[in-house]
Amino acid sequence: MSSVRRLMATLSSSSSLWHGLSIRGSQSSSISRSPASLGCRTFRRSFVVASSNFDNENREFVIVGGGNAAGYAARTFVEHGMADGRLCIVSKEAYAPYERPALTKAYLFPLDKKPARLPGFHTCVGSGGERQTPEWYQEKGIETMYNEPVTSIDIEKHTLTTNSGKLLKYGSLIVATGCTASRFPEKIGGNLPGVHYIRDVADADALISSLEKAKKVVIVGGGYIGMEVAAAAVAWKLDTTIVFPEDHLLQRLFTPSLAQRYEELYKENGVKFLKGAMIKNLEAGADGRVAAIKLEDGSTIEADTVIIGIGAKPAVGPFESVGLNTTVGGIQVDGQFRTSIPGIFAVGDVAAFPLKLYDRIARVEHVDHARRSAQHCVKALLSAQTHNYDYLPYFYSRVFEYEGSSRKVWWQFFGDNVGEAIEVGKFDPKIATFWIDSGKLKGVLLESGSPEEFQLLPKLARSQPIVDKAKLQNASSVEEALDIARSSLQVESSV
């Protein structure tokens, strides 16, 4: 078995529900580590540090991370009047927290398609909130340290050390470090010039530089990132191929029939697919840049730009001692995002938390969870809030949204894709998939819905009403199917 085969097999087996989008869960209904400290309330710990040997002035609360979770946590501190002179954010990013999903969507558009750029997508604009620019943090009295990855933690002394040698003190610590991209090994060409991974602005900038000169683009991975990057590459009018080992796109969510509809749309836009393919190695040309991808069957695909989108790993970094979940990865927390260490919390992609609705431990890699988990954690830390996080899994994608696109794509999914899938609609103009398990509606995906239709989805997924499967199967349109589901919801509420 090649290095790439082993790597992709490991990534595939680590995701119980999703590939690319990524909600990872175990069927355990209890936290694997349950020290006594998780059973009691952990209040914020305020103190005054007299020593001047620390490099941060704001020491009561420290957030490590620079993505969505950090930005939304900061806003929640401000809303509670607990940020000014008390909160410090330390991040390896060069920028104030931003809405990371833009990096594989509008950020990659060519200049004539009005690409997204900072400061346009700083948090919290993704949810309709205020744009938190660097000046916003200054005005709110929040200390920020950029380009400062944390390299170690001393739990006993409540200190952090950064890559540059800064020593930081914290009272309460929130780990919001997110994920890092899974990479191909260097020995098979994973680090060749022209090979790209996307997790931050610098990664996206490097990819844009390649796209400006590219002729043949190959995207490895048929998941969330692969689909979005391929759609962006179409805007550049480049020869684009998606290569992946599965039978169809987004196999962890899409049914074969649904995937076929999206694959046909991509093909109409010139994208080629190579399914069921395993990569042996990436080959360099005479100039040292990537020139081709060699497959296990001996064939090769020419490429001057390669994007690897095969999943991500929780960025645990120096925080392993806080307590990890070995099943789903990440830092183990309870329903209020408390770790096994009093005063230390973890939120967003890096947190393994109890998914209350489905009675299992999960780790969710999605912007919606990053926002909500950060807000819940800070509210629990600062107030008398005692209820546990009750998250409804939600994923979406928006592609082909640039000027001149023949069709813009926007789908949303809520719930759990278990049981029998019932597909209604013909994709043009819209399509819906309902997952029914033991007579109950467990999950629903809708493409090109109206705002009112999208608003119905979470109500259905959370309530899990009993639905008439035969009526759904015989529905003549998406609208009729949603009306049937809505009626089931009303019946449930009247019982």
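This passage walks through the fold of a single chain, from its overall make-up to its strands, helices and some local backbone features. The structure is a predicted model.

The chain contains 10 helices and 27 strands. Of its 495 residues, 58% count as buried. Among contacts with a separation of 6 or more, 66% are made by residues 24 or more positions apart. The accessible surface of the chain amounts to about 19,900 Å², and carbon and sulfur atoms contribute 48% of that area.

A convenient place to begin is strand 3, which spans residues 87-90. In a regular strand the side chains alternate between the two faces of the sheet. Strand 3 shows this pattern clearly in its residue list: Leu87 and Ile89 point one way, while Cys88 and Val90 point the other way. All four of these residues are buried. On one side, strand 3 runs parallel to strand 2 (residues 61-64), and 4 bridges join the two. Within this pairing, Val62 has Cys88 as its bridge partner. The connection from strand 2 to strand 3 passes through helix 2 (residues 68-79), giving a right-handed β-α-β crossover.

Strand 3 also pairs with strand 4 (residues 143-145), again in the parallel sense, here through 3 bridges. Cys88 takes part in this pairing too, standing opposite Glu143 of strand 4. A right-handed β-α-β unit is made by strand 3, helix 3 (residues 134-139) and strand 4. The loop between strand 3 and helix 3 holds Cys124, and the peptide bond joining Thr123 and Cys124 is cis, with omega at about 15°.

Further along the chain comes an open sheet of 5 strands in the order 10-17-11-12-13, with parallel pairing. Its edges are formed by strand 10 (195-196) and strand 13 (272-275), each of which pairs on one side only. Strand 13 is joined to strand 12 (residues 239-244) by 4 bridges in the parallel sense, and in this pair Thr241 stands opposite Lys272.

Helices pack against several strands of this sheet. Helix 5 (residues 224-235) lies across strand 11 (216-220), strand 12 and strand 17 (305-308). Relative to strand 12, helix 5 runs at about 170°. Helix 4 (residues 201-211) has a set of buried residues, namely Val201, Ala204, Leu207, Ile208, Ser210 and Leu211. An α-helix has 3.6 residues a turn, so residues three or four places apart point the same way. The cover over the buried residues of helix 4 includes strand 10, strand 11 and strand 17. At the N-terminal end of helix 4, Asp200 acts as a cap, with a side-chain oxygen 3.2 Å from the backbone nitrogen of Ala202.

Two residues that are not glycine deserve a look for their backbone angles. His158 has a positive phi of about 55° and sits in the loop between strand 5 (150-154) and strand 6 (159-162). Leu250 has a positive phi of about 45°, and its place is the loop between strand 12 and helix 6 (256-268). Leu250 counts as buried because its relative accessible area is 1%, under the 20% limit.

Later in the sequence, strand 24 (residues 409-415) is mostly covered, with 6 of its 7 residues buried. Strands of a sheet pair through backbone hydrogen bonds, either parallel or antiparallel. For strand 24, the pairing with strand 23 (residues 394-399) is antiparallel and is made of 6 bridges. Here Tyr396 finds its bridge partner in Gln412 of strand 24. Strand 24 also pairs with strand 27 (residues 440-447), likewise antiparallel, through 5 bridges. In that pairing, Phe413 stands opposite Leu445 of strand 27.

One more cis peptide bond can be placed in this part of the chain. The bond between Asp428 and Pro429 is cis, with omega at about 20°, and Pro429 belongs to the loop between strand 25 (420-425) and strand 26 (431-437).

Key. Residues are numbered from 1 along each chain as its sequence is written. This is a predicted model: local features need pLDDT of at least 70, side-chain atom pairs count only at pLDDT 80 or more; totals for chains, interfaces and linings use all residues. Side-chain values use heavy atoms; hydrogens and water are left out. Buried means under 20% relative accessible area, exposed over 50%, partly exposed in between (1.4 Å probe, protein chains only). Contact means heavy atoms within 4.5 Å. Accessible areas come from the Shrake-Rupley method with a 1.4 Å probe; for residues, only the protein chains shown count as cover. Two strands pair if DSSP finds at least two bridges between them. A crossover is right-handed if, with the strands pointing away from the viewer, the path from the first strand over the helix to the second runs clockwise. Axes are lines fitted to C-alpha atoms, for helices over the stretch in contact, and angles run from 0 to 180 degrees between N-to-C directions. A polar contact is a pair of N or O atoms within 3.5 Å; within protein, one must be able to donate a hydrogen and the other to accept it, and residues adjacent in sequence count only if both atoms are side-chain atoms.
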